[in-house]
Amino acid sequence: MTRGKMKLVRLRLHLRQRLDGWVEQLGLWMARYRMVITAMQWVVVGIYFALLIIPATLPLPNGVARMTQSLTLIAQFVFWGIWWPGVILATMSVGRLWCGTMCPEGALTEWASRFGRGAPLPAWLKWPGWPTLAFITTTLYGQLISVYDYPRPALLILGGSTLAAIVIGLLYGRGKRIWCRHLCPASGVFHLLTRMAPLYFKVDRQAWDHWQPVQLVGRGEAQLVPINCAPLVDIRRMRSSADCHACGRCAGHRNAVHLALRAPSAEILSATPASVTREEVFTLCLGLLGVATGAFHWSMSPWFVTVKEWCAQWLVSHEWWWALSNDIPWFVLTHFPETNDTFTWLDGAMILFYIAATTLVVGGGTLLASALAARVSDGTPGRWRVQALTLLPLGGVSVIVGLSMTTVTLLRGEGFQLAWINFSRLILLGGAGGWAASLAIRQVWRGRASPLRRALAIPLALAAPALVCSAWYVAFRVW
Ligand code: SF4
């Protein structure tokens with residue numbers, strides 16, 4: 001190695017050590033200054049309630065209103081245009097820091113559980129499918145009542161979830177986040193996305209087991225302060241960042257827990273059938289890539305309009321007028337006559353049908369392609385889950401791109417043209433697709449089958465990211 005190269009390697013090592021040191025200090029800072037984090041949580045709770053409740057009490061803005069004239073539009077932009085895409089992006093980059101340091105529901109359920117009944121958890125509550133089911137049902141219901149567009153549906157869905165979080169806090173656990181761990185509709189998604197975050201709390205098991213109290217001069221033995229891990233993580237055995245809310249409380253504990261950096265693909269590539277659950281894969285393929293994609297697509301799809309018109313003609317010819325009636329309460333189907341926005345029973349049925357069809361094609365297709373690739377390249381039971389996990393980058397970026405549609409609609413209403421946006425979205429999706437494809441190939445190539453079988457499995461593995469990218473390509477380039 002030449003002298004210049006050696007200098008470069010030394011410089012990189014030095015910079016990496018410095019960066020690791022700063023990150024570790026940040027984690028210790030979080031443990032030391034809990035008060036700051038707690039104060040921040042309550043400020044977010046205040047802002048959340050203000051944006052959720054006040055717009056629901058105001059009249060709806062007219063079609064020409066601007067954000068500067070309407071708190072309702074500001075709340076809509078903040079919630080769906082910035083807040084949600086920001087939370088998804090943050091979870092993908094810094095782990096569940098949102099859950100542990102800012103989430104209003106997490107703060108409220110933990111706070112409520114300090115004063116509640118403190119009952120042990122019943123068996124039904126521990127069913128691992130709740131977050132997946134809750135995510136899918138709230139997404140569907142949100143589409144039926146237009147949660148992104150109106151403040152009352154937002155209050156019903158988000159406020160209802162917050163109320164349920166408080167009630168669960170009052171009933172179960174003591175100073176814990178039972179709601180977040182077992183029931184929160186978003187926790188299944190965060191649980192997945194945090195697996196590709198480069199920042200995480202790392203546990204050194206050896207250091208943990210061999211930790212000894214230190215004799216401090218003049219102050220006796222150092223005390224081991226017990227850690228209250230609100231989402232009930234077994235910190236000593238924690239190997240995945242999926243359940244950790246990154247609250248920082250355990251940073252420095254036993255000199256074994258530290259905030260650390262890792263490669264974004266590290267946890268995906270080190271996954272084993274035992275470390276990836278069926279529920280996680282269903283949340284990814286059927287929830288994020290299926291239901292969520294269908295929910296983002298239906299309102300821009302000409303196919304949706306064509307099928308709906310055909311159905312409407314059929315209903316008229318058979319005189320099934322009730323199916324075309326729109327006199328339905330707003331909490332069942334969208335009903336805001338003041339903005340000329342009312343859904344008929346046919347609209348509701350068509351939305352459900354369209355999302356179900358997208359879930360079947362995109363979600364089912366990715367599941368099938370991953371399962372076949374795993375079967376051909378390896379054959380170990382449960383290997384399909386590991387293969388499907390490689391779609392994570394696309395899962396996260398799909399949701400960010402989908403939510404950006406609300407951001408863009410609102411910004412266009414303010415006069416911003418954003419002509420470059422579709423191209424940027426496709427670049428983003430292409431990048432995520434490329435990342436997912438490289439992960440898929442690497443997982444296939446690690447299989448135990450012969451090189452020929454592994455080579456045959458590669459096109460199958462690539463079919464899954466290609467399917468997701470094609471769905472978005474059609475949405476942004478064909479429609
Ligand atoms: S393991 Fe628990 S206490 Fe430690 S950072 Fe994660 S959520 Fe907080």
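Good morning. I shall begin at the surface of this predicted model. Leu156, Trp310, Trp314, Trp320, Trp322, Phe331, Val332 and Trp345 together make a nonpolar surface patch of about 880 Å². One member of that patch, tryptophan 345, belongs to helix α14, which covers residues 345–377. Its relative accessibility is 38%, so tryptophan 345 counts as partly exposed.

Let me place this in the overall fold. The chain comprises 18 helices and 6 strands. Its radius of gyration is 25 Å, close to the 23 Å that the globule rule gives for 479 residues, and the chain is therefore as compact as a globular protein of that length. Along the principal axes, the C-alpha atoms fill a box of roughly 85 × 60 × 50 Å. Of the 479 residues in the chain, 49% are buried.

I turn next to the ligand. Which residues are around it? They are Phe201, Cys229, Pro231, Ile235, Met238, Cys244, His245, Ala246, Cys247, Gly248 and Cys250. By character, this shell divides into 9 nonpolar and 2 polar residues, with no charged ones.

The charged side chains bring us to the salt bridges, of which the structure holds 14. I have chosen three pairs.

The first pair on my list is arginine 177 with glutamate 110, whose side chains meet in a salt bridge at 2.9 Å, N to O. This pair links distant parts of the chain, 67 residues apart: arginine 177 sits in the loop between α7 (151–171) and α8 (178–183), and glutamate 110 in helix α5, residues 104–115. Are these partners buried or exposed? Arginine 177 has a relative accessibility of 1% and so counts as buried. Glutamate 110, at 5%, counts as buried as well. Both residues also belong to a network of salt bridges that links Glu110, Arg114, Arg177 and Arg249.

The next pair is glutamate 280 with arginine 195, where the side chains form a salt bridge at 2.9 Å, N to O. Glutamate 280 lies in helix α12 (residues 278–297) and arginine 195 in the loop between α9 (187–193) and β1 (199–203), so the pair ties together parts that are 85 residues apart in sequence. Both glutamate 280 and arginine 195 are buried.

The last pair is aspartate 209 with arginine 236, a salt bridge in which the closest N and O atoms are 2.9 Å apart. Because aspartate 209 is in helix α10 (residues 205–209) and arginine 236 is in the loop between β3 (220–221) and β4 (257–261), this bridge ties together parts that are 27 residues apart in sequence. How accessible are these two residues? Aspartate 209 counts as partly exposed, at 38% relative accessibility, and arginine 236 is partly exposed too, with a relative accessible area of 25%.

Finally, a word on backbone geometry. Most residues other than glycine have a negative phi. Glutamate 319, however, has a positive phi, near 55 degrees. This residue lies in the loop between α13 (302–317) and β5 (335–336), and at 57% relative accessibility glutamate 319 counts as exposed. Asparagine 340, which is not a glycine either, has a positive phi of about 60 degrees. Its place is in the loop between β5 and β6 (341–342), and its relative accessibility of 74% means that asparagine 340 counts as exposed.

That concludes my presentation. Thank you.

Conventions:
Residues numbered from 1 in each chain as written. Predicted model: local features only at pLDDT ≥ 70, side-chain atom pairs only at ≥ 80, totals over all residues. Heavy atoms only, no water. Near = heavy atom within 4 Å. Nonpolar A, V, L, I, M, F, W, Y, C, P; charged D, E, K, R; others polar. Patch = residues over 30% accessible without salt bridge, like charges linked within 9 Å, V, L, I, M, F, W, Y side chains within 5 Å. Areas by Shrake-Rupley, 256 points an atom, 1.4 Å probe, with all protein chains shown as cover. Salt bridge = Lys/Arg side-chain N within 4 Å of Asp/Glu carboxyl O. Helix = DSSP H or I, 4+ residues; strand = E, 2+ residues; numbered from the N terminus. Buried < 20%, exposed > 50% of the residue type's maximum accessible area, 1.4 Å probe, protein only. Rg over C-alpha atoms; globule rule 2.2 N^0.38 Å.
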